[in-house]
Amino acid sequence: MSSGPKPEILAAFEAAKGFMPVDEGLALYEAATEAAVRGLPLLEVGTYCGRSTLLLADAAREGGTVAVTVDHHRGSEEQQPGWEYHDADVVDPEVGRMDTLPTFRRTLFHAGLEDHVIAVVGRSPQVAALWGMPLGLVFIDGGHTDEHATADYEGWAPHVAPDGLLVIHDVFADPADGGQAPYRIYRRALESGGFSEVSRAGSLHVLRRTGTGV
């Protein structure tokens, strides 16, 4: 078990824009630390402003690998104007659309982690279709519609290396607690025979690649 992120990284995580609570962040860091030892990249789908990226980057730095984070930076459905998670501070006034990329870059810069992250600006399925190497960890935390969650799962789960980790965020069995798309891909992963659950913290579930199914 890891000893947890450095105090300054945890402080940066808590200060960054985002929605992940600390207990889930610590579970993500522990999974990332385990995966990073293998020397394979750690990949995140859904950067937003970099809150969770900080933890992946710190684990990657300690393990001698790199964190890759994929996002179009225009915000997911629930972050658009008029929706619950909208933040007017990350709207580009010139184009009138969300743009979380500048905030994300500042988050990395202030934490001293820019050299340990490859930021890919684009749509997850398009990037996944071009990806060609195994990953030690895939963290799915992108759009929460069935369309987007399924595309993220189908695009990236096949790239998880044998014994690598698949981490899915915002998994709620009860519809009263949250949207069901992440729960459905979590169930699909387990039922595929390709993944077995390792641990969970709140809505964050950690699965290990134990078979070839997807």
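This dialogue reads several features of a predicted model.

Visitor: Which helices should we consider, and how does one read the way two of them cross?

Guide: One looks at the distance between the two axes and at the angle between them. The axes of helix α1 (residues 7-15) and helix α2 (residues 22-36) come within 11 Å and cross at roughly 130 degrees.

Visitor: What name does the angle between α1 and α2 receive?

Guide: An angle from 0 to 180 degrees is sorted into classes, and angles over 145 count as roughly antiparallel, while 65 to 115 is roughly perpendicular and the rest, apart from those under 35, is oblique. The two helices α1 and α2 are therefore oblique to each other. Their crossing is right-handed.

Visitor: Which residues make the contact between α1 and α2?

Guide: From α1 come L10, F13 and E14, and from α2 come V22, G25 and L26. Sorted by class, this contact of α1 with α2 has 4 nonpolar, 1 polar and 1 charged residues.

Visitor: How is the crossing of α2 and α3 to be read?

Guide: The reading proceeds in the same steps. The axes of α2 and helix α3 (residues 51-63) come within 8 Å and cross at roughly 30 degrees. Because angles under 35 degrees count as roughly parallel, α2 is roughly parallel to α3. The crossing of α2 and α3 is right-handed.

Visitor: Which residues meet there, and of what classes are they?

Guide: In α2, the residues G25, L28, Y29, A32, T33 and A36 take part, and they meet S52, L55, L56, D58, A59, A60, E62 and G63 of α3. By class, the contact of α2 with α3 has 8 nonpolar, 4 polar and 2 charged residues.

Visitor: How many residues does α2 have, and what span should they cover?

Guide: One compares an expected span with the separation of the helix ends. At 1.5 Å a residue, the 15 residues of α2 should span 21 Å. The end C-alpha atoms of α2 are 20 Å apart, which agrees.

Visitor: Which residues of α2 are buried?

Guide: Burial is judged from relative accessible area, with under 20% counting as buried. In α2, the buried residues are E24, G25, A27, L28, Y29, A31, A32, A35 and A36.

Visitor: Is T103 buried or exposed?

Guide: T103 lies in helix α4 (residues 101-111). With a relative accessibility of 14%, T103 counts as buried. Leaving aside residues up to four places away in sequence, T103 touches K17, C49 and V90.

Visitor: Where does A128 lie, and which residues does A128 touch?

Guide: A128 belongs to helix α5 (residues 124-130). A128 is buried, its relative accessible area being 7%. Not counting residues up to four places away in sequence, A128 touches G155, W156 and H159. Separation in sequence and separation in space can also be read together: A128 and Y183 are 55 residues apart in sequence and 21 Å apart in space, C-alpha to C-alpha.

Visitor: What does one look for in a backbone phi angle?

Guide: The sign deserves attention, because most residues other than glycine have a negative phi. H73 has a phi near 65 degrees, a positive value in a residue other than glycine.

Visitor: Where is H73, and is H73 buried or exposed?

Guide: H73 is in the loop between β2 (67-71) and β3 (91-92). With a relative accessible area of 2%, H73 is buried.

Visitor: What is the phi of D170, and where is D170 found?

Guide: D170 is not a glycine, yet its phi is positive, at about 60 degrees. D170 is found in the loop between β7 (160-168) and α7 (181-191). A relative accessible area of 18% makes D170 buried.

Terms used
Residues numbered from 1 in each chain as written. Predicted model: local features only at pLDDT ≥ 70, side-chain atom pairs only at ≥ 80, totals over all residues. Heavy atoms only, no water. Helix = DSSP H or I, 4+ residues; strand = E, 2+ residues; numbered from the N terminus. Buried < 20%, exposed > 50% of the residue type's maximum accessible area, 1.4 Å probe, protein only. Left-handed = near helix turned anticlockwise from the far one by under 90°. Contact = heavy atoms within 4.5 Å. Nonpolar A, V, L, I, M, F, W, Y, C, P; charged D, E, K, R; others polar. Expected span 1.5 Å × (residues − 1).
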